[in-house]
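Here are some notes to read with the model open beside you. Take the points one at a time and find each spot on screen as you go.

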Number of protein chains: 2
Amino acid sequence: MATPASLIQYIDDNADAFIQRLSHAVSIPSISCEAAHRPDVVKMAVWLSNQLKHLGVETSLVDLGKHTSDGEELHLPPAILGRMGCDPLKKTVLIYGHFDVQPASISDGWHTDPFTLTVSPKDELVGRGSTDDKGPILGWLNVLEAHQSLQLPLPVNLRFCFEGMEECGSEGLDDLIHSEVKKGKDGWFDNVDCVCISDNYWLNTRTPCLTYGLRGLSYFKLTVSGPARDLHSGVFGRMVHEPMTDLIALMSKLVDTSGDILIPGIDEMVGGPTVDEIALYKALDYSIADVEDSAGAPIALSSDNTKVMMGRMRMPSLSIHGIEGAFSGVGAKTVIPAKVSGKFSIRLVPPQTPELVEPLVRSYLLSEFAKLKSKNTLTIEDLHGGKPWVTDHKHWNFEAAKRATEAVYHKTPDYTREGGSIPVTLTFADSLGVSVMLLPMGRGDDGAHSTNEKLDRSNFIQGTKLLGTYLYEVAKAAT
Amino acid sequence: MATPASLIQYIDDNADAFIQRLSHAVSIPSISCEAAHRPDVVKMAVWLSNQLKHLGVETSLVDLGKHTSDGEELHLPPAILGRMGCDPLKKTVLIYGHFDVQPASISDGWHTDPFTLTVSPKDELVGRGSTDDKGPILGWLNVLEAHQSLQLPLPVNLRFCFEGMEECGSEGLDDLIHSEVKKGKDGWFDNVDCVCISDNYWLNTRTPCLTYGLRGLSYFKLTVSGPARDLHSGVFGRMVHEPMTDLIALMSKLVDTSGDILIPGIDEMVGGPTVDEIALYKALDYSIADVEDSAGAPIALSSDNTKVMMGRMRMPSLSIHGIEGAFSGVGAKTVIPAKVSGKFSIRLVPPQTPELVEPLVRSYLLSEFAKLKSKNTLTIEDLHGGKPWVTDHKHWNFEAAKRATEAVYHKTPDYTREGGSIPVTLTFADSLGVSVMLLPMGRGDDGAHSTNEKLDRSNFIQGTKLLGTYLYEVAKAAT
């Protein structure tokens with residue numbers, strides 16, 4: 001069944017009302033990481049749940065229990081699970097989104113109140129959560145409303161999983177997903193055929209994309225300690241082993257200035273690209289100029305476009321984030337810090353996992369530290385990690401999204417792998433064993449966690465059409 | 001003229017009263033670096049000036065003008081200049097001390113109120129300023145009081161220069177000294193033959209010392225900048241040149257883990273020790289065990305005692321203090337910092353000067369940065385510096401102090417060079433052109449800038465005898 005023309009027409013005709021609903025959603029400051037705003041996250045959950053119910057979705061607000069934040073015990077905001085349709089002749093699509101947002105304050109540099117959706121002269125919908133991730137969630141609501149108003153049956157069964165803690169570690173969500181999957185047909189995720197997550201972005205401002213991979217992460221903390229307390233560099237300089245000297249020496253041996261990781265076995269774990277993969281990278285509508293524009297300076301590691309793209313998408317990367325315990329203020333302090341901790345992380349790609357990478361990092365650093373012949377002490381901690389993910393971008397789930405993209409945007413989408421992590425993706429992929437796809441609504445310059453976050457009006461409205469059309473393409477797909 | 005036995009007797013007999021006076025001095029929280037305590041520094045100046053007047057010293061409270069601290073314009077506390085005796089047949093000794101103190105609060109870990117002098121069970125006089133530098137100043141007052149009470153004439157003419165901003169950069173003092181020296185016989189520093197500064201410490205807890213050298217300093221800030229803003233390591237990792245990678249690479253090339261400075265020409269500028277010097281280092285009552293005890297860990301750079309001592313006293317040292325602009329908090333943040341500044345400093349010894357060292361540092365770092373082939377930008381700033389100082393430890397000024405030490409402590413003093421800086425020393429040495437000597441009263445474990453600062457009762461009382469005896473030895477010295 002083709003996407004009904006009336007659906008597309010309804011979306012165009014009701015664009016202003018959709019923006020009005022987004023405006024209401026943005027007005028609730030559902031900041032999950034600030035205890036004072038926890039009631040707003042709950043308010044947002046209730047509002048969203050009521051919207052879904054009003055649109056015919058059976059919903060449940062699921063209590064996720066309590067957690068401790070900054071020493072304070074807080075109730076987690078509820079997750080929303082939803083179900084619409086149980087037709088065994090239709091495919092079932094599980095939709096994920098999150099209704100919490102990053103902190104925002106006018107004093108951070110916003111040009112307008114972050115919780116008042118403002119339409120800019122360039123037709124951008126500016127406000128916290130506009131693109132991350134209230135816009136995409138409301139895109140789905142728009143599709144439901146259109147079907148309800150037009151009295152159209154949905155082409156697929158839908159399941160919803162909306163959470164309110166994504167910006168704060170998704171606490172409680174993994175347990176909920178695993179538990180629902182375990183319940184089988186008695187759970188909320190019964191008979192799911194594929195998953196669609198709309199919580200990332202186009203590479204650029206021009207071309208829609210489908211995302212089929214994410215990098216994982218291993219985050220390390222190296223601590224060198226020696227003296228019992230901070231020492232005066234005048235009194236002790238050139239008498240004792242200084243922890244900073246050792247730490248800097250170790251951290252200089254992690255990655256070179258061309259981006260190659262110097263820890264033996266890490267880069268080597270990743271095979272070369274296939275011909276098919278190279279073609280995908282060459283086809284990307286993304287260039288070094290885009291990267292440098294986005295970074296704000298001409299600092300790309302290479303002049304080879306494909307190599308730079310692969311650096312982000314199919315290669316691991318190592319970044320040094322900082323040092324805890326050393327002098328970090330302004331001015332000039334002549335301290336020899338007693339205990340310093342270097343922080344670095346490695347973004348992982350298949351077949352790397354935190355479990356495979358950690359022993360390589362540990363043994364290399366211990367061996368390099370031994371070469372220093374220092375009398376200080378080194379400890380290595382693996383602070384946290386997550387597996388990388390890559391899926392088949394030719395699965396019918398992706399083919400459906402490709403056709404939907406071509407129908408709405410008249411463009412072939414970029415096929416991308418994200419350099420960062422969206423852990424829930426792996427939870428769905430591992431627990432459900434079905435195709436998971438990331439289908440972004442917003443553009444690469446939306447400023448998701450930054451000031452003046454925006455979603456272009458056209459991305460919201462065309463994006464709504466894309467989500468609707470995708471459901472019809474899924475329904476048609478040969479499995 | 002020998003030191004009168006009555007002087008020594010008086011000091012012993014009046015020890016408790018001397019401690020009472022120190023107790024009063026400590027009770028005034030004359031913290032120069034905290035604006036709120038500026039009136040207390042002034043109160044301290046007035047009290048000290050009145051004490052001196054009462055003891056027969058002609059004094060002047062000298063207005064040093066204003067300065068800006070944390071954006072607030074404050075009046076500097078006055079310096080105290082003093083004069084006692086103008087006998088052309090006597091030598092003239094200029095005495096320096098400071099009556100301001102470091103901040104202190106019970107919450108920092110003091111066992112007793114820092115501004116209430118407390119006698120510990122080990123006969124330590126515990127309180128902020130006890131050893132740094134109110135104890136030594138009051139040692140001079142004790143000597144004056146004894147002479148006044150015993151109606152003894154002083155064996156030398158005295159000049160005093162006491163300041164209230166030492167712990168806060170000695171603002172205004174250099175100008176005052178230069179201006180007084182310029183006035184010649186019309187100034188307060190007329191006919192000065194030698195200078196005695198009591199504002200440092202014994203190497204250990206056992207043996208008095210005379211200090212004839214100080215290291216200088218060159219403090220550098222290396223800034224690497226690239227992106228226009230902080231970047232997400234997932235999104236940009238292995239696409240762009242990361243400032244932290246470059247900065248860590250540069251900082252790893254400054255000093256090795258044996259303490260050798262890797263910047264060509266710095267270590268090489270310093271000649272080897274003379275036979276006489278080696279003998280001085282070998283004679284020091286200070287061992288690697290003392291160093292490690294003081295650092296709180298077995299981390300000495302070498303097992304060669306003399307080498308370790310020379311590392312502090314007659315060699316330059318390079319310490320890396322920290323990084324400004326990188327992630328320095330607890331926890332795990334996956335940021336690529338846009339602009340990071342590494343701070344390091346080099347302690348200098350003659351013939352090094354900041355002016356000689358700076359171009360070596362700059363050209364080396366620029367050349368090492370070029371090797372990195374990074375597209376980021378490096379800037380090098382010389383934040384501040386000071387010349388090193390070494391004087392003739394066989395000058396009659398030192399010989400007098402040596403004989404005084406032998407008379408009071410029945411020990412030959414250690415001859416030491418301090419690893420840190422006391423800038424006023426150079427100001428006196430350069431402007432007056434006479435012998436300047438550092439004659440410490442306190443022990444190496446007094447904790448001058450730390451919690452539970454103390455001065456042993458015996459150091460205060462024997463130290464008073466030392467200062468008095470020194471004046472008689474100066475009077476006798478053949479010039």
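1. Start with how an angle between a helix and a strand is taken: axes are lines fitted to C-alpha atoms, for helices over the stretch in contact, and angles run from 0 to 180 degrees between N-to-C directions. With that in hand, look at H4(A), which lies across E7 and E20 of chain A and runs at about 50° to E20(A). Keep in mind throughout that this is a predicted model.

2. Now for the sheet under discussion. In chain A there is an open sheet of 3 strands, paired antiparallel, in the order E6-E7-E20. Strand E6 (118-119) and strand E20 (454-456) of chain A are at the edges with a single partner strand each, so one side of each has no neighbour in the sheet. Strand E7 (residues 124-126) of chain A pairs with E20(A) over 3 bridges, in the antiparallel sense. To find one of these on screen, click on A:Leu125: its bridge partner in E20(A) is A:Leu455.

3. Back to H4 for an oddity in the backbone. Most residues other than glycine have a negative phi, and most peptide bonds are trans. The bond joining A:Asp132 and A:Asp133 is a cis peptide bond, with omega about 10°. A:Asp133 sits in helix H4 (residues 130-150) of chain A. Chain B has a cis bond to look at as well, from B:Pro350 to B:Pro351, with omega near 5°. B:Pro351 belongs to the loop between strand E15 (339-348) and helix H11 (354-372) of chain B.

4. Next, two residues with a positive phi that are not glycines. A:Ser170 has phi near 50°, and its place is the loop between strand E8 (157-163) and helix H5 (173-182) of chain A. Is A:Ser170 buried or exposed? The cut-off for buried is 20 or more other C-beta atoms within 10 Å; A:Ser170 has 22, so it counts as buried. B:Lys373 has a positive phi of about 55° and lies in the loop between H11 and strand E16 (377-386) of chain B. Exposed means 12 or fewer such neighbours, and because B:Lys373 has 10 C-beta neighbours inside 10 Å, it counts as exposed.

5. Helix H5 of chain B is a good one to turn end-on. Its buried residues are B:Leu173, B:Leu176, B:Ile177 and B:Glu180. Down the axis of H5(B), these buried residues fall within an arc of 95°, so they line one face of the helix. What do the buried residues of H5(B) pack against? The partners are strand E1 (58-62), strand E4 (79-84), strand E8 (157-163) and helix H13 (423-432) of chain B. The face of H5(B) turned away from its buried side carries the exposed residues B:Asp175 and B:Lys182. Just after H5(B), B:Gly184 takes a positive phi of about 60°.

6. Compare that with helix H10 (residues 305-313) of chain A, where A:Val308, A:Met309, A:Met310, A:Gly311, A:Arg312 and A:Met313 are buried. Among the elements that cover the buried residues of H10(A) are helix H8 (275-283), helix H9 (288-295) and E13 of chain A.

7. A loop residue worth a click is B:Asn204, between strand E9 (194-197) and strand E10 (209-214) of chain B. B:Asn204 is buried, with 20 other C-beta atoms within 10 Å. Leaving out residues up to four places away in sequence, B:Asn204 touches B:Asp285, B:Tyr286, B:Asp290 and B:Gly444. B:Asn204 and B:Asp445 are 241 residues apart in sequence, yet 7.0 Å apart in space, C-alpha to C-alpha.

8. Zoom out to the domains. Chain A is divided into domain 1 (5-214 + 388-476) and domain 2 (216-270 + 315-386). The centres of domain 1 and domain 2 of chain A, taken over C-alpha atoms, are 38 Å apart. In chain A, 5 residues of domain 1 are in contact with 8 residues of domain 2. The domain 1 side of that contact has 3 nonpolar, 2 polar and no charged residues.

9. Last, the two chains together. How many residues does each chain bring to the contact? Chain A gives 72 residues and chain B gives 72 residues. On the chain A side, strand E13 (residues 317-324) supplies the largest share, 7 residues. By class, the chain A side has 33 nonpolar, 26 polar and 13 charged residues.

Note on methods:
Residues are numbered from 1 along each chain as its sequence is written. Chains are lettered from A and ligands numbered from 1 in the order in which they are written. This is a predicted model: local features need pLDDT of at least 70, side-chain atom pairs count only at pLDDT 80 or more; totals for chains, interfaces and linings use all residues. Two residues are in contact if their C-beta atoms, placed from the backbone, lie within 7 Å. Helices (H or I, at least four residues) and strands (E, at least two) are DSSP runs, numbered from the N terminus. Ala, Val, Leu, Ile, Met, Phe, Trp, Tyr, Cys and Pro count as nonpolar, Asp, Glu, Lys and Arg as charged, and the others, Gly among them, as polar. Two strands pair if DSSP finds at least two bridges between them. Domain bounds come from an automatic or database domain assignment. The arc is that of the directions from the helix axis to the C-beta atoms.
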